[in-house]
Amino acid sequence: MVTEELGTKVLSETGSRVLRWIPPRSAVTMDYRTDRVSISYDDQRMVTAIRCG
């Protein structure tokens, strides 16, 4: 489930500085950033993917 606590935990565990939430059907840039983690989620706000870069 998408929560502020999840975002904080993912940032802490990955060592990333930037968190990007990706809602369903959103366009996102494909640039690779070593300091970023992206969390994709579906219409029910359930996480579908967590990706670094």
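Which residues are linked with Asp 35 in a network of salt bridges? Keep this question in mind as you work through the exercises below. The model is predicted, and residues are numbered from 1 along the chain.

**Exercise 1. Describe the network around Asp 35 and where Asp 35 sits.**

Solution.
Step 1: Name the members. Arg 17, Arg 33 and Asp 35 are linked in a network of salt bridges.
Step 2: Find Asp 35 in the fold. Asp 35 belongs to the loop between β1 and β2.
Step 3: Decide whether Asp 35 is buried or exposed. Buried means under 20% relative accessible area. Asp 35 has 16%, so it counts as buried.
Step 4: Look at its surroundings. Beyond its neighbours within four places in sequence, Asp 35 is in contact with Ser 16, Arg 17 and Val 18. The C-alpha atom of Asp 35 is also 7.9 Å from that of Cys 52, although 17 residues separate the two along the chain.

**Exercise 2. Work out how Glu 13 pairs with Lys 9, and how Asp 43 pairs with Arg 25.**

Solution.
Step 1: Start with the general idea. Side chains of opposite charge can pair when their charged atoms come close.
Step 2: Apply a cut-off. A salt bridge needs a side-chain nitrogen of Lys or Arg within 4 Å of a carboxyl oxygen of Asp or Glu. With this rule, the count is 5 salt bridges.
Step 3: Take the helix pair. Glu 13 and Lys 9 form a salt bridge with their closest N and O atoms 3.9 Å apart. These two residues are 4 residues apart in helix α1 (residues 4-14), so about one helical turn separates them. Glu 13 is exposed, because its relative accessibility is 62%.
Step 4: Take the loop pair. Asp 43 and Arg 25 meet in a salt bridge at 2.8 Å, N to O. This pair links distant parts of the chain: Asp 43 is in the loop between β2 and β3, Arg 25 is in the loop between β1 and β2, and they are 18 residues apart. Both Asp 43 and Arg 25 are exposed.

**Exercise 3. Find what is unusual about the phi angles of Arg 25 and Arg 45.**

Solution.
Step 1: Recall the background. Most residues other than glycine have a negative phi.
Step 2: Check Arg 25. Its phi is positive, about 60°, although Arg 25 is not a glycine. Arg 25 lies in the loop between β1 (18-22) and β2 (36-41). With 72% relative accessibility, Arg 25 counts as exposed.
Step 3: Check Arg 45. Its phi is also positive, near 65°, in a residue other than glycine. Arg 45 lies in the loop between β2 and β3 (47-52). With 41% relative accessibility, Arg 45 counts as partly exposed.

**Exercise 4. Examine two buried arginines, Arg 36 and Arg 20, and find which has no salt bridge.**

Solution.
Step 1: Place Arg 36. This residue is in strand β2, and it counts as buried because its relative accessibility is 4%.
Step 2: List the partners of Arg 36. Its side chain meets that of Asp 31 in a salt bridge (3.6 Å, N to O). The side chain of Arg 36 also reaches the backbone oxygen of Asp 31 at 2.7 Å. Asp 31 itself is partly exposed, at 38% relative accessibility.
Step 3: Place Arg 20. This residue is in strand β1.
Step 4: Look for a charged partner of Arg 20. Arg 20 is buried but has no salt bridge; its nearest side chain of opposite charge, Asp 31, is 4.9 Å away.
Step 5: Look for other partners of Arg 20. A polar atom of its side chain lies 3.4 Å from the backbone oxygen of Thr 29. Not counting residues up to four places away in sequence, Arg 20 touches several residues, including Arg 36, Val 37 and Ile 39.

**Exercise 5. Describe the largest pocket and its lining.**

Solution.
Step 1: Give its volume. The largest pocket holds about 210 Å³ of space.
Step 2: Describe the lining. There are 13 lining residues, and Arg 20, Thr 29, Met 30, Ser 38 and Arg 51 lie nearest the centre.
Step 3: Trace the lining to the fold. The elements giving two or more residues are β1, β2 and β3. The largest share, 3 residues, comes from β2.

How values were computed
This is a predicted model: local features need pLDDT of at least 70, side-chain atom pairs count only at pLDDT 80 or more; totals for chains, interfaces and linings use all residues. Side-chain values use heavy atoms; hydrogens and water are left out. Buried means under 20% relative accessible area, exposed over 50%, partly exposed in between (1.4 Å probe, protein chains only). A polar contact is a pair of N or O atoms within 3.5 Å; within protein, one must be able to donate a hydrogen and the other to accept it, and residues adjacent in sequence count only if both atoms are side-chain atoms. Lys and Arg count as positive and Asp and Glu as negative; His and the chain ends are not counted. Contact means heavy atoms within 4.5 Å. On a 1 Å grid over the protein atoms alone, a cavity is a set of points where a 1.4 Å probe fits but cannot get out, and a pocket is an open set with protein on both sides within 12 Å along at least five of seven lines; lining residues have an atom within 4 Å of a point. Grid points are joined across faces, edges and corners, and a volume is the space filled by probe spheres set on the points.
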